[in-house]
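Got your viewer open and a selection box ready? Let's take a walk through this one, stop by stop.

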Amino acid sequence: MKILSTYQTRDLDEYTIKNEPIPSIDLMERAAQAFVNSFVLKYDNTFKTVIFCGIGNNGGDGLAVARKLHQLGYDVQTYVLGNSTNGSIDFLENLKRLQNQSEVIKLSENDEFHLPKKEKSVIIDAIFGSGLNRPIDGFLAIVILKINQTGLPIVSIDIASGLFSDTHSPQSAVIQPTYTITFQYPKLAFFQPENEKSVGSWEAVDIGLSQDSIREAKTKYYYTSSAEIRPLARSSFSHKGTFGHAFLVAGSYGMMGAAVLATKACLRSGVGKITTHVPKKCVDILQISVPEVIVDISHNDYHFDGIWNFTKYDAVAMGPGIGLENIDKFEEFLKKTPNKKLIIDADGITFLGQRPELLKLLPKNTILTPHPKEFKSLIGRGWENDFEKLEILSEFAVSKKIIICLKGKNTAVALPNGEIHFNSTGNSGMATAGSGDVLTGIILSFLAQGYPPEQAAIQGVYEHGLAGDQAAKNRSERSMIASDIIENLR
Ligand SMILES: NC(=O)C1=CN([C@@H]2O[C@H](COP(=O)(O)OP(=O)(O)OC[C@H]3O[C@@H](n4cnc5c(N)ncnc54)[C@H](O)[C@@H]3O)[C@@H](O)[C@H]2O)[C@@H](O)CC1
Ligand SMILES: Nc1ncnc2c1ncn2[C@@H]1O[C@H](COP(=O)(O)OP(=O)(O)O)[C@@H](O)[C@H]1O
Ligand SMILES: [K+]
């Protein structure tokens, strides 16, 4: 699914209005109905509903929502903030339509207003939407602060008032919603950790914007949903050679869990064979934990100490739990991988951060899977805000011609063509030791089976999160562990 900017959304609205064709007031009606359809599933009409509307089209949506909820038997109290005579055309039309049916209270500076005290109340935020063009201050900022302080659930229409869709939002008044019900597709702001409180849980509802126009729209940002996932076909005549031979370098004395988890995850993701390279004193642990693995034994008892021959393998992953003892051997390893399909994770990424000139040795489309701390060490700097981080991420992937999966909620997969794909699956139960190792095993498996590297990365991240979601369902986010993710791979 594409993630489009505010400007593109405006064009899309206009295109739809002109070419469907549909009068803009009817498009607003459709948007309000889509919002209501989702809202009523969360809050039934035993909730008193207080709606705060601005005077632009987001406020117009709010007024149409107020009318529709009133018609459904909700006890609705509607406030309009600001001078409504300056309202947008569709706002004014919806004001007229609502006033015929239900009271509208106009609030301007210095007016007293009382927020609901009733426990069973919900607030709908329709003050600003995508038209926000500067931080909110003055009277409106005070209202927003008071709304946030009520402790009541808040549902934002399209986007929280005060939150910028496509850029960093400065520290100012922003609604902190429980839910955002957004129109057509998610906004870039929703995927930034810094905006967690200004988004809440979100859902995109279809308001029927032109599919032709969406197809034409150019963007570098995508959201990976189930529609983008295409498993490779498995021929009924296939044999284990068909599904590739993966090679994994992982684990060290005391860190063998990483090797075990990545190996198992690779097997459970459909690979034909996997050979895992481990130190001599670690062989039994691996062999007993995963009887299906072929073990390549290091001459070193305890940690990674170089590898000689891995030409016969279809894809190679390097790094989970290998330790940081031997960067020179890591360099030697990279020199032997010019044409390999390669993934580097964990300690391998730390090595690259310690010796950045090694980045030149990475084959095109190598996949790196850092968490934010590893990414910082890789690029040798931090960032001011999450939007700057995205820029850095994208530039790094393009300039080094590699794929970077920046892990976390909504893992961002940056491709060498500049695109960034945000993942839709996963949960905080995956913030547990070893879940990154599982991801490396899954991506390795997909690479060895012949998925193009971009697809291996995007789909690997997606399947990892999907299995994590199933694990959380079977157990709970709190009690699930990395092995449960593997058990739930399908
Ligand atoms: N255009 C369309 O056809 C549709 C628009 N829709 C709604 O329209 C919204 C966008 O509406 P608008 O473009 O009217 O914009 P908003 O309603 O978000 O804002 C209204 C106006 O407020 C002013 N403003 C911006 N920031 C301000 C600030 N910090 N302090 C004071 N004033 C400020 C701007 O002049 C802006 O145009 C969307 O978020 C969505 O909710 C939906 O009804 C779907 C269809
Ligand atoms: N809150 C979260 N929501 C979704 N996924 C998460 C969350 N926290 C962690 N994850 C996922 O879990 C994995 C953790 O990997 P990593 O940080 O490398 O852990 P480890 O090194 O312990 O294996 C990543 O794939 C990440 O995307
Ligand atoms: K809003």
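The tour goes from the whole chain to a sheet, then to a helix pair, and ends on a single strand and its neighbours.

**Whole chain.** Keep in mind that you're looking at a predicted model. Show everything as cartoon: the protein chain has 16 helices and 17 strands. Along the principal axes, its C-alpha atoms fill a box of roughly 85 × 50 × 45 Å. Of the 490 residues, 49% are buried. If you like contact maps, take the contacts with a separation of 6 or more: 72% of them are between residues 24 or more positions apart.

**The seven-strand sheet.** Now colour the strands E1 to E7. Reading across, the order is E3-E2-E1-E4-E5-E6-E7, in an open sheet with parallel pairing. Which strands sit at the edges? Select 104-107 for E3 and 201-205 for E7; each of these pairs on one side only. Look along the sheet and you'll find a twist that averages 20° from one strand to the next.

Zoom in on residues 48-53 (E1) and 76-81 (E2), which run parallel and are joined by 5 bridges. To pick out one bridge, click Ile-51 in E1; its partner in E2 is Thr-78.

**A helix pair.** Next, select residues 57-71 (H3) and 89-99 (H4), whose axes come within 8 Å and cross at roughly 20°. An angle under 35 degrees counts as roughly parallel, so H3 is roughly parallel to H4. The crossing of H3 and H4 is left-handed. Turn on side chains to see who makes the contact: H3 brings residues including Gly-59, Gly-60, Leu-63 and Ala-64, while H4 brings, among them, Phe-91, Leu-95 and Leu-98.

**Strand E12 and its neighbours.** Last stop: select 315-318, which is E12. Which way do its residues point? Ala-315 and Ala-317 go one way, Val-316 and Met-318 go the other, and all are buried. That fits the usual pattern, since side chains in a regular strand alternate between the two faces of the sheet.

Add E9 (residues 245-249), which pairs with E12 in the parallel sense over 4 bridges. Here Val-249 has Met-318 of E12 as its bridge partner. Then add E13 (residues 342-344), also parallel to E12, with 3 bridges. For this pair, try Ala-317, whose bridge partner in E13 is Ile-343. Finally, trace the chain from E12 through helix H10 (residues 327-335) to E13: this β-α-β crossover is right-handed.

Methods: Residues numbered from 1 in each chain as written. Chains lettered and ligands numbered in written order. Predicted model: local features only at pLDDT ≥ 70, side-chain atom pairs only at ≥ 80, totals over all residues. Buried ≥ 20, exposed ≤ 12 C-beta atoms within 10 Å, placed from the backbone. Helix = DSSP H or I, 4+ residues; strand = E, 2+ residues; numbered from the N terminus. Pairing = 2+ DSSP bridges. Right-handed = clockwise from strand over helix to strand, strands pointing away. Axes fitted to C-alpha atoms, helices over the stretch in contact; angles between N-to-C directions. Parallel < 35°, antiparallel > 145°, perpendicular 65-115°, else oblique. Left-handed = near helix turned anticlockwise from the far one by under 90°. Contact = placed C-beta atoms within 7 Å.
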